[in-house]
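Work through the exercises below with the sequence and the model side by side, and try each task before reading its solution.

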There are 2 protein chains.
Amino acid sequence: MEQASRGAVLVTGGGGYIGAHTAKSLAEQGFRPIVFDNLSSGFREAVRWGEFVHGDIRDGRALREAIEAHGVRQVIHFASLIEVGRSVVRPDLFWDVNVRGTASLLDAIRDCGVERLVFSSSAAVYGQPEGLAARDLLAEGLPTAPTSPYGDTKLACERMIEAYCRAFGLSAVALRYFNAAGADPSGLIGEAHDPETHLIPLAIAAGLGFGKPLTVFGQDFPTPDGACLRDYIHVVDLAAAHVAALAVELPAGGFEAVNVGTGHGWSVLEVIDAVERTLGRPVPRSVGARRPGDPPSLIADPSRARDLLGWSPACSSLDQIVRDAARWHSNQRYGRAARAESASGAQDQPRMAEIEGGDRPGVRSAV
Amino acid sequence: MEQASRGAVLVTGGGGYIGAHTAKSLAEQGFRPIVFDNLSSGFREAVRWGEFVHGDIRDGRALREAIEAHGVRQVIHFASLIEVGRSVVRPDLFWDVNVRGTASLLDAIRDCGVERLVFSSSAAVYGQPEGLAARDLLAEGLPTAPTSPYGDTKLACERMIEAYCRAFGLSAVALRYFNAAGADPSGLIGEAHDPETHLIPLAIAAGLGFGKPLTVFGQDFPTPDGACLRDYIHVVDLAAAHVAALAVELPAGGFEAVNVGTGHGWSVLEVIDAVERTLGRPVPRSVGARRPGDPPSLIADPSRARDLLGWSPACSSLDQIVRDAARWHSNQRYGRAARAESASGAQDQPRMAEIEGGDRPGVRSAV
């Protein structure tokens, strides 16, 4: 079995946005993805590569069974609650799922002799870095000071993982994502959050007429055009970073936290312009007040990712991100997400028939 | 019942060092302490004030029953694993007991309508603050960057507690202890850790001849005498800070983290000198290398405690701390701790018959 030659990799949360893209990337690289997901927010339809195990990360026995049944030696851990706003009103759930769930996974990993863990962390661990000017890059050595329970739980997991590594001889890489965006060019998988809070899907939905007009939160930031700057990373590049992190040579007990971003910031207005160019339609919008806690600029210093993972983004141009996202949102969505839109009458809105793709070296899908 | 007039206070870990002193202080102030302890490291003999409930904080049902049976409206939460060295080799236990245990307690507190939580935190949340000179004071606004799994779990608990407060309308005060030391002047309760890692009990045991010679870790710090500086707070003062924190006016959702220290640093050598003066005997010692992670100086800025709690230390002179500790270690120890020493043959060593006390305004015991 050629496909299984590089071994089985447990992908918790592999029915979710980044998890599904990573499962595809793993399969393409000759790994055997074992997707472990409770489908609380992931999609069964997104699990097209490897095998599917229905389970919850807080269930240690289910984890051990999955790891042992499939001979798993490496784990990529995405399963998590992720919506920042919800974390403020339900921190109990975030600490339970994210932190207790990660403890449960770590115990299973240790007990079953898994050698490598790659953890889905977030730039949210930095909070609002002080003393940085717009376009300054965030490096991993910055103080960590999350500003939401979501960020607190990601940082708590990083600290727990590092401690387990040192105590029990595991090795792990935590990837601190900046703004994941785009979709697989195949159109088979893409972003589908409920509620959706990310800029690019919201702008596309507004432009295509099946979402609310966009609100731009703040145009008075100390940035060139007054809108805040973020670092958008194509989900296909992000998936590749996870696969690269499996192969990093680390000593037993080694732990590394690594930013995954491009090192370039796009303003909210530049992103909206790109969406309008791609769709050939205006994006209806209004300007709102700044949201509390939104820093003017969050841009990764990508040098540790380059040095440690040997990874750099290959398809994270803004145009490509927006084009791939628009194709997904126009033509393909999972049943549940589409049903939610149908229920709100959105099916009456016009959709874009086809978004043309350009050359995407390195991301052509075999599917 | 005069004693119950100020209400029932659940004291998790009330069989431990600081918890037992706080239960006594609560009783003296007219509260009704309900000590909840699994006796994994606490002592049944230390529970002399109020009622005792044998239970584990990870058992939500036991917590709810204790809270409801006794009409608890306020909780002081000490129960925790505390030994830094053990946290490095068994981080799994620390995350489970300290963090999952605190989550379990918070759920019970929320469900039962408890209004105020006082949490036993630690200066360990600061880690090794950068850019501070010897004798610079640590204020609460410093970045948090723990350097041990123990400190990580204390910080994780603080962040979780703050999030629960905001989400569910509780209010809480986290007290970040500096170096707790001393014992109740009654001689009924005192410090008994296994293993003991704190300077003053180790120096007293060495001086009295029933402990190993003391090792001074590092005499090449950038401090006046080359030994590192720490801020020692008498456990009776520390207990009083907890009682004061129950009464702080906070809005629903309010959370405050407050240093509890004196604002004065004593060097390890000054502490040993005080022990020798008190015992009238030399403390056998050797000089070892610095321990990794030991900062030269850790001294509280006590101003927020003064302003918020209306509290300041009344009996934290070094002489009084050492005198009260020496009295406890010479004359009174709990059965289990004494048995452990007997087993090691320590009962053959001479003990000090009596340590004379001086005037201790505000800490005279009614017992």
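Three exercises follow, each with a worked solution.

This is a predicted model, in which local features need pLDDT of at least 70, side-chain atom pairs count only at pLDDT 80 or more, and totals for chains, interfaces and linings use all residues. Residues are numbered from 1 along each chain as its sequence is written, chains are lettered from A in the order in which they are written, and side-chain values use heavy atoms, with hydrogens and water left out.

**Exercise 1.** Describe chain A as a whole, beginning with its helices and strands.

Solution. Begin with the DSSP runs, where helices are H or I over at least four residues and strands are E over at least two: chain A has 11 helices and 15 strands. Next, of its 367 residues, 57% count as buried, which means under 20% relative accessible area with a 1.4 Å probe, protein chains only.

**Exercise 2.** Find out how the span of helix α7 of chain A compares with the expected one.

Solution. The expected span is 1.5 Å times one less than the number of residues. Helix α7 (residues 235-247) has 13 residues, and its reach of 19 Å from first C-alpha to last is close to the expected 18 Å. Turning to burial, 10 of the 13 residues of α7(A) are buried, so this helix is largely enclosed by the rest of the structure; among them are D237(A) and H242(A).

**Exercise 3.** Is H242(B) buried or exposed?

Solution. First locate H242(B), which lies in helix α7 (residues 235-247) of chain B. Its relative accessible area is 0%, so H242(B) is buried. Finally, leaving aside neighbours within four places in sequence, H242(B) has contacts (heavy atoms within 4.5 Å) with residues including I18(B), F78(B) and Y177(B).

How values were computed: Buried < 20%, exposed > 50% of the residue type's maximum accessible area, 1.4 Å probe, protein only.
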